[in-house]
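The following exercises concern one protein model and are to be worked with the sequence and coordinates at hand. Each task is followed by a stepwise solution.

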Amino acid sequence: MNIKIIGVGKLKEKYFKAGISEYAKRLSRFCKFEIVEVPDEKAPESLSQAEMDEVMAKEGERILAKIKDREYVYALAIKGKERSSEEFAAELQQLTTYGHSDITFVIGGSLGLTPTVLKRADTQISFGRFTLPHQLMRLVLTEQVYRAFMINEGSPYHK
Ligand SMILES: C[S@@+](CC[C@H](N)C(=O)[O-])C[C@H]1O[C@@H](n2cnc3c(N)ncnc32)[C@H](O)[C@@H]1O
């Protein structure tokens with residue numbers, strides 16, 4: 001299975017990088033895991049709604065350029081559908097059973113995801129109603145993907 005996370009902007013903080021690389025290392029026995037970063041647009045505080053839409057649209061084009069037709073896409077969205085870790089694990093298992101070997105997760109930039117990206121997504125997944133910083137979201141998602149593999153393996157990692 002190929003798991004890809006598409007994120008907007010470069011991950012800067014060392015502590016996020018360290019956490020992600022730990023889970024990426026653990027994931028390597030289950031899948032080919034990669035994080036693809038697309039450049040972010042400058043988004044100063046004072047943008048109008050139209051300017052914010054433009055920022056998200058530009059980032060969205062870059063995101064869509066990294067997605068192939070065969071990829072099954074999860075868009076991370078606060079208003080998406082919540083799952084438990086067990087439900088998410090079962091879903092990944094089922095996707096594999098139905099022949100999806102390329103699973104892609106898309107995390108928006110500081111302003112979120114543009115509608116064209118949400119439309120391309122096969123499903124939207126929410127990690128609850130809290131707004132998480134997009135860089136932290138990468139770490140949380142990577143751990144949950146790892147947890148899903150551990151659940152499917154029946155490992156005591158997931159209690
Ligand atoms: C800082 S948030 C963007 C906030 C923006 N107001 C929105 O509603 O999307 C950056 C990205 O992180 C992801 N994200 C943040 N919190 C999330 C959550 N609770 N569930 C799912 N995705 C989340 C989404 O992909 C979002 O586009």
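**Exercise 1.** Determine in which element Lys-14 lies, and classify Lys-14 as buried or exposed.

*Solution.* In this predicted model, Lys-14 belongs to helix H1, which covers residues 14–27. Next, count the C-beta neighbours of Lys-14 inside 10 Å: there are 8. A residue with 12 or fewer such neighbours is exposed, so Lys-14, with 8, is exposed. Finally, the C-alpha atoms of Lys-14 and Leu-118 are 30 Å apart, the two residues being separated by 104 residues along the chain.

**Exercise 2.** Identify the sense in which strand S3 pairs with S4 and with S5.

*Solution.* Begin with S3 (residues 72–82) and S4 (residues 102–106): four bridges join them in the parallel sense. Within this pair, Tyr-72 has Ile-103 of S4 as its bridge partner. Then take S5 (residues 123–126), which pairs with S3 over five bridges, in the parallel sense. Here Gln-124 in S5 stands opposite Ala-75.

**Exercise 3.** Describe the shell around the ligand by its closest residues, its contributing elements and its residue classes.

*Solution.* The ligand is surrounded by 18 residues, of which Leu-76, Gly-108, Gly-112, Phe-127 and Leu-132 are the closest. Two or more residues of the shell come from each of S3 and helix H5 (134–153). S3 makes the greatest contribution, with three residues. Sorted by class, the shell comprises 11 nonpolar and seven polar residues, with no charged residues.

**Exercise 4.** Establish which residues the UniProt annotation "binding site" covers, and characterise the surroundings of each.

*Solution.* First, the annotation, taken from an unreviewed UniProt entry, covers Leu-76 and Gly-108. They are spread over 33 residues of sequence, yet cluster in space, with a largest C-alpha distance of 7.3 Å.

Second, consider Leu-76, found in strand S3. Leu-76 has 25 other C-beta atoms within 10 Å and is therefore buried, the threshold being 20 or more. Beyond its neighbours within four places in sequence, Leu-76 contacts Phe-105, Val-106, Ile-107, Ile-125, Met-137 and Leu-141.

Third, Gly-108 is placed in the loop between S4 and helix H4 (115–120). Gly-108 is likewise buried, because 23 other C-beta atoms lie within 10 Å. With residues up to four places away in sequence left out, Gly-108 touches Val-8, Leu-113 and His-134.

Technical notes:
Residues numbered from 1 in each chain as written. Predicted model: local features only at pLDDT ≥ 70, side-chain atom pairs only at ≥ 80, totals over all residues. Pairing = 2+ DSSP bridges. Near = placed C-beta within 6 Å. Nonpolar A, V, L, I, M, F, W, Y, C, P; charged D, E, K, R; others polar. UniProt positions renumbered as here; feature names shortened; annotations may be inferred. Contact = placed C-beta atoms within 7 Å.
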